[in-house]
Amino acid sequence: MVVVGGGFGGATAAKYIRKWSGGAVAVTLVERESAFVSCPLSNLVLGGVRQIADLTLPYDGLERWGVRRVRDEARAIDPATRTLTLASGETLRYDRLVLSPGMDFDWDAVPSLKNPGAREKVPHAWKAGPDTVALRRQLEAMPDGGLFVMHIPHVPYRCPPAPYERACLVALYFSRQKKRSKVIVLDANEDVQAEKALFTAAWNGRYKGYVEYRANSELTDVDVATLTAKLDFEDVKADVLNVIPPQRAGAIARTVGMANANERFCQVDFLTYESTAQRNIHILGDAIQPASLMPRSGHMANQHAKVCASAIVALLTGGEVNPGPVVTSTCYSYLSEREVAHIASVHRYDPAARTMNVVAGSAGGSPAANSEEAVYAEAWAKNVWADMLT
């Protein structure tokens with residue numbers, strides 16, 4: 001068994017395949033990074049109320065489950081021979097392969113950012129880590145009275161509330177340290193895509209004068225030298241420019257015909273998360289084409305992984321695949337370090353439609369941000385990190 005990607009999906013799958021098989025199934029986890037860095041809570045780093053070290057956890061805990069870890073990058077799959085080739089040239093054989101590569105950016109949509117050097121000046125900070133730290137340093141260096149301009153791509157993208165949370169937390173920093181500065185949110189979508197009432201209440205209340213939201217702002221390119229977002233009908237110059245590019249499945253998941261949803265994402269069987277294009281290859285998390293109203297989030301990737309792990313153990317040991325999986329989703333949004341809200345839902349497999357449907361009455365969220373949920377959000381993060389990594 002080989003698992004690619006050590007995020008919320010891949011690390012969880014590796015652990016639970018070992019756990020639920022009683023150690024009978026050997027698992028190799030391929031991950032390029034030396035440690036896990038959590039995207040959830042990373043906007044708090046931009047707001048100056050967390051450090052990236054607070055969100056960085058080791059993979060060592062997986063060793064006690066007997067997971068073999070290889071620090072490398074998957075480059076090619078041969079489904080006929082069931083082999084995975086790594087960047088180092090090593091070839092791994094598999095009975096079943098799990099891909100949880102997250103998402104990649106479509107740099108063709110922002111031509112001037114194809115150059116990695118340009119991206120150092122215009123960081124996305126949409127994969128937590130060095131880019132998050134770089135954007136935070138730019139905000140710290142920005143003069144008081146400067147403009148932070150963020151562009152949000154058309155859906156789908158990872159974690160729908162996260163860009164609006166980012167606007168709030170950068171505004172929080174400005175309200176404390178740079179009172180003449182301002183956040184301009186350029187959204188390619190026609191409206192706020194998640195928790196609209198909560199975010200607009202914050203922008204019109206606590207952050208009034210700090211956040212300006214502009215819908216239908218289609219980005220055509222950027223001028224890196226002048227930090228200008230070039231839109232269909234206007235240009236917006238920034239002191240700090242943050243462009244979140246359009247997204248698609250991680251590169252390895254788009255090989256061998258698996259990106260069969262608009263050539264961007266991968267369709268799967270929701271009973272096993274096996275690719276509908278290639279047998280014996282399972283795909284999790286942000287890389288899949290989700291069911292209706294199923295968010296792309298860390299919590300959901302963790303849930304995909306458990307359904308997949310259970311199915312793989314059954315398939316490899318002669319057991320029965322669960323015919324009616326149920327998964328949950330919870331997403332917390334920080335409007336400040338002490339004001340938090342959530343959205344949640346439950347999804348059940350529909351055998352007639354062969355998809356996951358939201359359970360009636362299960363979807364909902366906070367009527368308002370509150371301090372009590374700040375405690376819950378912190379506990380959620382610590383619990384899901386422990387669930388996947390220890």
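Which residues does leucine 84 touch, not counting residues up to four places away in sequence? The exercises below work on this and related points in a predicted model.

**Exercise 1. Place leucine 84 in its surroundings.**

Step 1. List the contacts. Leucine 84 touches Val2, Val4, Val30, Ala74, Ala76, Ile77, Glu90, Thr91, Leu92, Tyr94, Leu97 and Ile252, with residues up to four places away in sequence not counted.

Step 2. Look at the core. The largest nonpolar core has 127 residues, and Leu84 and Leu99 touch the most other members. H5 supplies the largest share of this core, 10 residues.

Step 3. Add the general background. In soluble globular proteins, nonpolar side chains tend to be buried together.

**Exercise 2. Decide whether leucine 139 is buried or exposed, and find its partners.**

Step 1. Locate the residue. Leucine 139 is part of helix H4.

Step 2. Apply the cut-off. Buried means under 20% relative accessible area. Leucine 139 has 0% relative accessibility, so it counts as buried.

Step 3. Name the partners. Leaving aside neighbours within four places in sequence, leucine 139 contacts Leu46, Phe148, Val170, Tyr173, Phe174, Lys178 and Val240.

Step 4. Check a distance. From leucine 139 to aspartate 108 is 27 Å, C-alpha to C-alpha, with their positions 31 residues apart in sequence.

**Exercise 3. Describe how H4 packs on H5.**

Step 1. Choose the descriptors. Two packed helices are described by the angle between their axes and the distance between the axes.

Step 2. Read off the geometry. The axes of H4 (residues 130-141) and H5 (residues 162-177) come within 11 Å, crossing at roughly 35°. The crossing is right-handed.

Step 3. Identify the contact. H4 contributes Leu135, Arg136, Leu139 and Glu140, while H5 contributes Arg166, Val170, Tyr173 and Phe174.

Step 4. Sort by class. The contact has five nonpolar, no polar and three charged residues.

**Exercise 4. Work out how helix H1 sits in the structure.**

Step 1. Judge its burial. Nine of the 11 residues of H1 (residues 10-20) are buried, so the helix is largely enclosed by the rest of the structure. Among the buried residues are Gly10, Lys15 and Arg18.

Step 2. Find what surrounds them. The buried residues pack against strands E1 (2-4), E2 (28-30) and E9 (97-99), and against helices H7 (298-317) and H8 (372-389).

Step 3. Take H7 in detail. The axes of H1 and H7 come within 8 Å and cross at roughly 35°. H1 passes H7 in a right-handed crossing. On H1 the contact uses Thr12, Ala13, Tyr16, Ile17 and Trp20; on H7 it uses Asn302, Ala305, Lys306, Ala309, Ser310, Ile312 and Val313. Eight of these residues are nonpolar, three polar and one charged.

Step 4. See what follows the helix. Glycine 22 comes after H1, with a positive phi near 65°.

**Exercise 5. Trace the aromatic cluster that includes Tyr164.**

Step 1. Start with the total. The structure holds 12 aromatic pairs.

Step 2. Classify one pair. The rings of tyrosine 164 and phenylalanine 199 have centres 5.8 Å apart and planes at 45°, so this pair is tilted. Tyrosine 164 is in H5 and phenylalanine 199 in H6 (residues 196-204), so the pair ties together parts 35 residues apart in sequence.

Step 3. Extend from phenylalanine 199. Phenylalanine 199 and tryptophan 203 form a stacked pair, 6.2 Å centre to centre with 25° between the planes. These two residues are four apart in H6, about one helical turn. Both are buried.

Step 4. Assemble the cluster. Tyr164, Phe199, Trp203 and Tyr213 form one aromatic cluster.

Notes: Residues are numbered from 1 along each chain as its sequence is written. This is a predicted model: local features need pLDDT of at least 70, side-chain atom pairs count only at pLDDT 80 or more; totals for chains, interfaces and linings use all residues. Side-chain values use heavy atoms; hydrogens and water are left out. Axes are lines fitted to C-alpha atoms, for helices over the stretch in contact, and angles run from 0 to 180 degrees between N-to-C directions. A crossing is left-handed if the near helix is turned anticlockwise from the far one by less than a right angle, and right-handed if clockwise. Contact means heavy atoms within 4.5 Å. Ala, Val, Leu, Ile, Met, Phe, Trp, Tyr, Cys and Pro count as nonpolar, Asp, Glu, Lys and Arg as charged, and the others, Gly among them, as polar. A nonpolar core is a set of buried Ala, Val, Leu, Ile, Met, Phe, Trp, Tyr and Cys residues joined through side-chain atoms within 4.5 Å. Buried means under 20% relative accessible area, exposed over 50%, partly exposed in between (1.4 Å probe, protein chains only). Rings of Phe, Tyr and Trp (its six-membered ring) pair if their centres lie within 6.5 Å; planes under 30 degrees apart count as stacked, over 60 as edge-to-face and the rest as tilted.
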